[in-house]
Amino acid sequence: MLPMTTVTAFSHLLPGLLAQAQTFQPPQLADYMRILPELVLSVFGMLIMVVDPLLDEDSSHQSLGTIALIGTFTALAATFCMAHYPGTAFYNMVRVEGFSVFFHFLVIAIAAVAILSSFEYLKVQRIRAGEYYALILLGTVGMCLMSSAIELVLIFIALEISSISTYVLAGFRRRDASSSEASLKYFLLGSFATAFFLYGVALMFGATGSTNSDAISQVLRSGNVPVLAYVATALMFVGLGFKVSSAPFHVWAPDVYEGAPAPIVGLMSTGPKAAAFAVLLRVMFEANAPGRFWLIWVSAALSMTLGNLGALVQDNVKRLLAYSSIAHAGYLLVAFAAQPELGTSAAMFYTAAYAAMNVGAFAVVSHFANAGEKYVTLDDYAGLGRRSPVLAATFAFFLMSLIGIPITGGFFAKFYVLTAALKSDLVGLAIILVLNSAVGAYYYLRIIVMMYMREPRGEVPVPRVPTAAALAIAVCVLLTFYFGVLPGRVLDYTGQSARQLVTDTAAPPASSAP
Amino acid sequence: MGSVNMESLSPIILSLVTFIPAAGGLLILLIPRRDRDIKLFAFVISILAFVASLHLPVHLHRELGPFGFEIDKVWITSPNIHYHMGIDGISVWLVVLTTFLTPLCVLISWASIHERVKEFFILLLILETALIGVFTSLDLFLFYFFWEATLIPMALLIGMYGHGRRVYAAVKYFLFTIIGSMFMLAAILWLYAKTGSFDFVVIQHAIRSGSVPGFENASLWLFLGFFIAFAVKVPLFPLHTWLPDAHVEAPTAGSVLLAGVLLKMGTYGLLRFDVGLFPEQAHRNAPWIMVLALIGIIYGALVSLVQPNMKKLIAYSSVSHLGFVVLGIFSFTTAGLNGAVFIMLAHGVATGGLFMLCGILYGRRHTYEISEFGGLATPMPKYATFFLVTVLASVGLPLLNGFIGEFLVLSGAFQARPIYGILAATGVIWSAGYLLWMYQRVFFGKVTHEVNNALLDLNLLEKAALYPIAIAALVMGVAPMIWLSAIDPAVQAALAPFTQLASKVVGQ
């Protein structure tokens, strides 16, 4: 039954496809250059899977981790190469521009730091390294592709690649029931959400006759927006809202974050989220989705409020940070309600700054959690400032950034979003944001108070920070500091690529050689 | 030769003064944990900052334009944020006050801080940079940046090194201040959205020339947005409740800087930004603000009168004194404003000194209860002398620094409305009452508790910390013109829009 309906549904496309087949040109070198980072990451991911059985479990941690790390660095270099080939590739499916290059960098860097902070963690938790690192790399392929795909179907496939890797990664602490619960919960709800997204894509196709964001934008801009397009926007927003854990699609986040391995939480609270935000920016602004304003307005207000109120009563640091990430998704969504150009730029900066501080915070948490993630409650952090001054100081720094205190990236991120909101006359959202920031300050402060102003409890051990984790944390501290003191260059870059994204929607379609 | 040097120093001196302490704080990170070295290093750094800051008042008169030693560099192009610093006759003394008190804080903490010494002095020096930055910034963004940057070091100083209920006090202080300043941030961003600039001078000019769209309707809210942030900091009644807690629990150095400088951030902000940017709203709202200030003066004094705890008594006396400052500012008279600025400085010196003296006593007896003492003049004569000088300075005895400011503010208040002056004058009487009564109970009579007989008098370090306070109190009282001659032109400039306002009314 199903094949028949599919064929009839797409039958009117056949002439076009046939015409295309006649003028078929094989992809050029430039096309491959435009997905070079994805290729590199895939190769390294598969390489790890091949090498894994050859090594015994103990020695594999170090060597596989190193391969994965080299993979991410090669992919960063590949992103540089890719940046020299702006334009579309593979028959208008992928576009390289400032926007996608930015998110490639961001996502790959997040993966690199997550890998670094996993080195010691895997050993302590006795997790097999092979599939773990391979899945991180392959998941990153999906995230990268999400940021550069301009074809909704490809976006969906990329979304699935990244999501499925994350579902599996969430369950890697398989000796612990909470991790399996996290994985299953994430998987079930996640599949449900992607189905929504796919449904939205289908309806958008029905409404506009295309799944290409440029083409959709042209149709929607030409006036006369069909009702179906509104429904499609709403459905796609549901799917993506789940991925970025914005209210009211956020209920999975605390449980999943609590159960999943801490470095993975660091990854999935930033990487797939950044990619999903990239998609959201594309769908909302580049494709000019109709009726987005109130959807986003309500979701942003709800996310900020529910996230912050939920975080107030948490005693588990991972859960607390989960609620905080819901709140931050809300702050980010405020930018989406602003004018396209300002909003895009602010959102891009926010994702980067948030990634630096949140990955860093989870790197500290995962180091401190110890075997079996025993020490993750607020009480375990009592007196950390006395027992491990450096670790506590860095954690406090990340928390200050999450609050939004000056000299940290979080401050500028929030500030820039607030500016965008006020420039777009979103006084209501701006006030909600400001009030929520004040509420938010309280629960981050609770952790700082615990670390510095309570007497240490003797039984909680503080292991020495291994080199890899120290490196990961140091990178995050430096980046958070950089975003907080000299954000100028990044802001210029995001501003420029936002302008490009918003205004150049009618770019030349052919894959022109550089 | 000398003059050439001075001129080449002029554009960078403010940055130097501002960032010497923080740079020193970062260097302490690298010093191994030998407490004595760290303390010595922190002292040298803070003295260095003080010496550098003395350049400012000495050469300010040579600078042209409303702000001296200006530096204006683009920090971030979009949003349009400048690294714009500059000082006038008001802020210059607040900078010097900060750099003057910090070395004394280092000295007074020498013996009392044993644990986590490294962190303590790092926080203290970073706090100093943030405080100086607040007074030197002319870009609203930069100002907000430093304003918020004072928050964490101070909260940590209270929470990590304070006494019994330190965590409660630190969190309360933090939340009060951050919630207040959120409103200011919103107001700053509104101004930026409409004018495209964070620059104080540019925005002020835009507002005065009436080229800000929608300003008429928004000005009241903008005024209040700034006002709430500053009123919490001052603290103005009824937002003062965090202050006694913070003071009582803070370590001595924290209390000194809190009373000496942090509270002045609020009054400075009121004068520079609330009055400077929104003169009409300030004028319109002055009556109820002055009433709040009067309530603060009298209420603070009455509560001080009944405090059994020495430190809390001084904390409430700050509420009372800062009420004078607000009263002076919103009297919009030359005398009132001059007096307000002078009280800021005098209160910084005198109350800072009182907190140091309290801290010294606490180091020996581990209590602030007045009833635990009595007859201390016998075992500690030098201590008693210093205490008397500082108390008299705080009370406002002529020839000491408290008198000048209070006198000017009172005469300003009389000009504005006689009843305000009369009510405020009772505050002076009250303050004599509670401070002298406290002095009598602590120092006069016979030693009532046996332990107090064995109390040691001041040691060398403590004397080194207290002499500058006593000398400053005396010099400021005898030769106030040194300070007022710089303050007055700045105050006149701040008052310029009000004389226009007044002449408008007369003209009609």
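The expected span of a helix is 1.5 Å times one less than its number of residues. In this predicted model, helix 20 of chain A, residues 409–423, can be checked against that rule. This helix has 15 residues, and from its first C-alpha to its last it reaches 21 Å, close to the 21 Å expected at 1.5 Å a residue.

Helix 20 of chain A is also mostly covered, with 15 of its 15 residues buried. Just after this helix, Asp425(A) takes a positive phi of about 60 degrees.

Ala421(A) gives a view of the packing here. Leaving aside residues up to four places away in sequence, Ala421(A) touches Val334(A), Ala338(A), Leu426(A), Leu429(A), Ala430(A) and Leu433(A). Ala421(A) is also one of the residues with the most contacts inside the largest nonpolar core, along with Ile136(A), Tyr350(A), Leu399(A), Val417(A) and Leu327(B). That core has 405 residues. Its largest share, 20 residues, comes from helix 17 of chain A, residues 340–369.

The next step is the contact between the chains. On chain B, 28 residues are in contact with 24 residues of chain A. The elements that give two or more residues to this side of chain B are helix 5 (140–149), helix 6 (151–161) and helix 7 (166–195) of chain B. Helix 7 of chain B provides the largest share, 15 residues. Sorted by class, the side of chain B that touches chain A has 22 nonpolar, 3 polar and 3 charged residues.

Note on methods
Residues numbered from 1 in each chain as written. Chains lettered and ligands numbered in written order. Predicted model: local features only at pLDDT ≥ 70, side-chain atom pairs only at ≥ 80, totals over all residues. Contact = placed C-beta atoms within 7 Å. Helix = DSSP H or I, 4+ residues; strand = E, 2+ residues; numbered from the N terminus. Nonpolar A, V, L, I, M, F, W, Y, C, P; charged D, E, K, R; others polar. Core = buried A, V, L, I, M, F, W, Y, C linked by C-beta atoms within 7 Å. Buried ≥ 20, exposed ≤ 12 C-beta atoms within 10 Å, placed from the backbone.
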